[in-house]
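Biologist: I would like to understand how the terms used for this model are justified. Can we go through them one at a time?

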Amino acid sequence: MKGRTNARRGPGKRVAVLGAGSWGTTFAKILADGGADVVLWARRPELAREIQEAKRNSDYLPGVNLPLGLRSTSRLDLALAGAEQVFVSVPSQSLRENLKVIAPHLHAEAIVVSLMKGVEKGTGLRMSEVIAEVLTIDPSQIAVISGPNLALEIAKEQPTAAVVSSTSLETAQAVASLATNRYFRSFVNTDVIGTEFGGVLKNLIAVAIGIVDGVGYGENTKASIITRGLVEMTDFAVAYGAHPETLSGLAGLGDLIATSQSPLSRNNTAGRLLGQGYHLNDVVKQMQQTTEGLASVGPVLELARAKGVEMPIVEQVRQVLAGTLDPKDIAPHLTTDDEPQGERTLDGQAQGGSALRRALKRTLDQLRHGGRSAAGDRP
Ligand SMILES: NC(=O)C1=CN([C@@H]2O[C@H](COP(=O)(O)OP(=O)(O)OC[C@H]3O[C@@H](n4cnc5c(N)ncnc54)[C@H](O)[C@@H]3O)[C@@H](O)[C@H]2O)C=CC1
Ligand SMILES: O=C(CO)COP(=O)(O)O
């Protein structure tokens, strides 16, 4: 299904959003409020009917009025007919099976955009990689969107930014121009690896923050875990080819702050319940919505091991989930470490040793690029 990207811009462009959970529905609203002609696919016919007729999704977005022009259907073929951009927002572990059903209805030149923040269990693939593998489309037809994007806040039209990433800047810009309105601003970059991994990894740190919150620890513990967590995120993503700047942008630090602070975050909430002593099985039962971090811990640690990246916080999250670590013992470092460690990332992997040296290099790069980082979030 190879084809050129369609970079035509402007209002009225026909797009589809697949998955009518909290993020899919919110994103459909973002696009419709930006002027696109949006059809939202819901698995359940009764949900599609509620969105189509009452302009409400009361299960996922209580109290939110959806745009009058937003249409919804439970028929994939109708949702995809004529769609030039297709935004996918289903649980990461269900993406592959969903794509197989989507494929026959997809326009050959359609741009496919992942809104998801997980990696596939078993393969360790990022969502854009699963899309490329199953749909066999050109990477220039694939984009991902990430950032500090708690759905309910955006559905209430609170001003927010995100980053659209594609190996093709033209594609990223075409998507960003549709995913922009008075309360939502999309920036662009071409660092798909960093943008996607930022979204995956911050979920794991948000679970850790939730755990210490549930235990009753205060701001020092949380700030230490956020800061050291960002080092783990950066080391990991850079080892897989990401630009470090991306991890200090919206898709990294930005999303980490939002998700770690907010009770709206499902990852943070799941962590808090674990910290309060609930068993993982009960937490999973209680979470009505997708909690990607719980499924990503295993594959992320496998990927980290493959590159020799140390992730002490993520490792401790795994142990708490497995019931082998008491939540009150979780810390911004492995408590089994005897020797004092330097506050630095892995030499060579994070392009240049210490955190200070990287910060200096970043500042110099920004000066060289006229105040803007080459790989950072661009409007
Ligand atoms: N909710 C949020 O604030 C944000 C979520 N995301 C990401 O968006 C993705 C989707 O998350 P949400 O919309 O929040 O989840 P959700 O749990 O609210 O909704 C998931 C939707 O996918 C549908 N679905 C389709 N196939 C499915 C299957 N085989 N199994 C289960 N559900 C299936 C469900 O019916 C449901 O409508 C996740 O990767 C999440 O990390 C990203 C940014 C913000
Ligand atoms: O990705 C998100 C905010 O950017 C949503 O986080 P949760 O999946 O933890 O709710």
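Modeller: Yes. Keep in mind that this is a predicted model. Start with the place of ligand 1. Domain 1 (14-190) and domain 2 (194-368) both give residues to its shell, so ligand 1 lies between them.

Biologist: Which residues come nearest to ligand 1?

Modeller: They are S22, A151, R266, T290 and E292, out of 24 residues around ligand 1.

Biologist: What makes E97 a polar contact of ligand 1?

Modeller: The cut-off is 3.5 Å between N or O atoms. A nitrogen atom of ligand 1 is 3.0 Å from an N or O atom in the E97 side chain. That is within the limit, so the pair counts.

Biologist: How do you know that R266 and E292 pass that test with ligand 1?

Modeller: Use the 3.5 Å limit again. A polar side-chain atom of R266 lies 2.9 Å from an oxygen atom of ligand 1. For the side chain of E292, the distance from an N or O atom to a ligand 1 oxygen is 2.5 Å. Both values are within the limit, so both pairs count.

Biologist: How much of ligand 1 does the protein bury?

Modeller: Taken alone, ligand 1 exposes 830 Å², and the protein buries 88% of that.

Biologist: Which helix supplies the largest share of the shell around ligand 1?

Modeller: That is α1, with 3 residues. Both α1 (22-33) and α4 (95-102) supply at least two residues each. By type, the shell divides into 9 nonpolar, 10 polar and 5 charged residues.

Biologist: Now ligand 2. Why is it said to lie between the domains?

Modeller: The reasoning rests on its shell. Domain 1 (14-190) and domain 2 (194-368) both give residues to the shell of ligand 2, so ligand 2 lies between them. Its surroundings include K117, N149, K202, D255 and R266.

Biologist: What makes K117, K202 and R266 polar contacts of ligand 2?

Modeller: Check each side chain against 3.5 Å. An N or O atom of K117 is 2.9 Å from an oxygen atom of ligand 2. For K202 the distance to a ligand 2 oxygen is 2.8 Å. For R266 it is 2.5 Å. Each is within the limit, so each pair counts.

Biologist: What makes ligand 2 a molecule that sits in the largest pocket?

Modeller: More than half of its atoms must lie within 2 Å of the pocket's grid points. Ligand 2 sits in the largest pocket, so it meets that rule.

Terms used
Residues numbered from 1 in each chain as written. Chains lettered and ligands numbered in written order. Predicted model: local features only at pLDDT ≥ 70, side-chain atom pairs only at ≥ 80, totals over all residues. Heavy atoms only, no water. Near = heavy atom within 4 Å. Polar contact = N/O pair within 3.5 Å; in protein donor to acceptor, adjacent residues only side chain to side chain. Areas by Shrake-Rupley, 256 points an atom, 1.4 Å probe, with all protein chains shown as cover. Helix = DSSP H or I, 4+ residues; strand = E, 2+ residues; numbered from the N terminus. Nonpolar A, V, L, I, M, F, W, Y, C, P; charged D, E, K, R; others polar. Domains from an automatic or database assignment. 1 Å grid on protein atoms, 1.4 Å probe; cavity = no way out; pocket = protein on both sides within 12 Å on 5 of 7 lines; lining within 4 Å.
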